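Visitor: I've got the sequence and the model open side by side. Could you walk me through it, one question at a time?

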Amino acid sequence: MTNNESISDLLDRLCAIVPDYPQPGVSFKDLTPVFADPHGLRRIVDELTSRFAGQFDIVAGLEARGFVLAAAAAYATGTGMLTIRKAGKLPRPTYRDDYTLEYGSGSLEIHRDEVRPGTRVLILDDVLATGGTVGSAARLIERTGATVAGIGVVLELDELKGRQQLTGYNVHSLQLV
C-alpha cells in the first residue's frame, strides 16, 4: 500500500473474492476484509462522505453492511445515523417498502418518527446491484418527509444497471465491477 494508492486499487487489494456465492456462477466481492483494515475503512468512508460534504444532516445505512459504513460515516462527520432494516426488525411504528433484487424480493422498514421532514439524508450501502434495495431505502426516506441528499456505495455492479433505477438521485460509487 502506498499513500498514492487509488481507491479502486485498495479495494482490489483488500476485497476477498468468493466464487459461486450466493449462487453458482457468481463471484462475490467480500468487503469485510476492507472493514477490518483500519486504513481501508477510513479511506472508503472518507471517499464516500467527501463527495457529499455539507450536503447532508444524517447518514442512513442499509442492513447489514450498510450499517458499518453509515456508523463510521456518521462518527467521522459528526452526524447521526438512521437504520433501514429488513421487515419485522424495528420495534416502533414503521414505513415499509417492498422491492425486487437480483435473487428475489424483500422489504425494508424505517421508523416513522426517526427523521424530521426536510432533513437531508445520505444513504450508504456496500453494493449497488439492480437498484432495488437502495431505491427502496430512498422511497422510505422520502415517505418520512426527508430528502435524499445522495447515495453512496462502495461497489457498483455495472452490468445489472441499478443506477438506471435511481434516476434523479446523486449516486456515487467507488468502484464499478
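Visitor: Let's start somewhere specific: where does Ala64 lie?
Guide: One caution before anything else: this is a predicted model, so local features need pLDDT of at least 70 and side-chain atom pairs count only at pLDDT 80 or more, while totals for chains, interfaces and linings use all residues. Residues are numbered from 1 along each chain as its sequence is written, and side-chain values use heavy atoms, with hydrogens and water left out. Helices (H or I, at least four residues) and strands (E, at least two) are DSSP runs numbered from the N terminus. On that numbering, Ala64 sits in the loop between E3 and H4.

Visitor: And what kind of peptide bond joins Glu63 and Ala64?
Guide: Most peptide bonds are trans, and most residues other than glycine have a negative phi. Between Glu63 and Ala64, though, omega is about 0°. The bond there is cis.

Visitor: Which residue does a cis peptide bond join to Tyr21?
Guide: That partner is in the loop between strand E1 (16-19) and strand E2 (27-30). Omega is about 5° for this cis bond, and the residue joined to Tyr21 is Pro22.

Visitor: What is phi of Asp20?
Guide: Asp20 also has its place in the loop between E1 and E2. Its phi is positive although the residue is not glycine, with a value near 60°.

Visitor: Zooming out, in what order do the strands of the open sheet run?
Guide: Two strands count as paired if DSSP finds at least two bridges between them. By that rule, 7 strands make an open sheet with mixed pairing, in the order E5-E6-E4-E3-E7-E8-E9.

Visitor: Which strands stand at the edges?
Guide: An edge strand here has a single partner strand, so one side of it is left without a neighbour in the sheet. The two that fit are strand E5 (94-101) and strand E9 (171-176).

Visitor: By how much are neighbouring strands of this sheet turned against each other on average?
Guide: Axes are lines fitted to C-alpha atoms (for helices, over the stretch in contact), and angles run from 0 to 180 degrees between N-to-C directions. For this average, direction is ignored, and the turn comes to 25°.

Visitor: Which strands does helix H4 touch as it packs on the sheet?
Guide: Contact means heavy atoms within 4.5 Å. Helix H4 (residues 65-77) makes about 165° with the direction of E3. The strands it touches are E3 (58-62), E4, E7 (120-128) and E8 (147-156).

Visitor: At what angle to E5 does helix H5 run?
Guide: Helix H5 (residues 132-143) lies across E3, E4, E5, E6, E7 and E8. Relative to E5, the angle is about 160°.

Visitor: Is Thr144 buried or exposed?
Guide: Thr144 is in the loop between H5 and E8, where it touches Tyr95, Ile110, His111, Val115 and Pro117, not counting residues up to four places away in sequence. Buried means under 20% relative accessible area, exposed over 50%, and partly exposed in between (1.4 Å probe, protein chains only). At 8% relative accessibility, Thr144 is therefore buried.

Visitor: What backbone nitrogen does the side chain of Thr144 reach?
Guide: A polar contact is a pair of N or O atoms within 3.5 Å; within protein, one must be able to donate a hydrogen and the other to accept it, and residues adjacent in sequence count only if both atoms are side-chain atoms. The Thr144 side chain manages this at 3.3 Å, and the nitrogen belongs to Ala146.

Visitor: With which side chain does Ser173 make a polar contact of 2.8 Å?
Guide: Ser173 is in strand E9 and is buried, with a relative accessible area of 15%. A polar contact of 3.5 Å links its side chain to that of Arg163. The 2.8 Å contact is with Glu156.

Visitor: Last one: what radius of gyration does the chain have?
Guide: The radius of gyration is taken over C-alpha atoms, and the globule rule is 2.2 Å times the number of residues to the power 0.38. With 177 residues, a compact globule would come out near 16 Å, and the chain agrees. Its C-alpha atoms fill a box of roughly 45 × 40 × 30 Å along the principal axes. The chain's own value is 16 Å.
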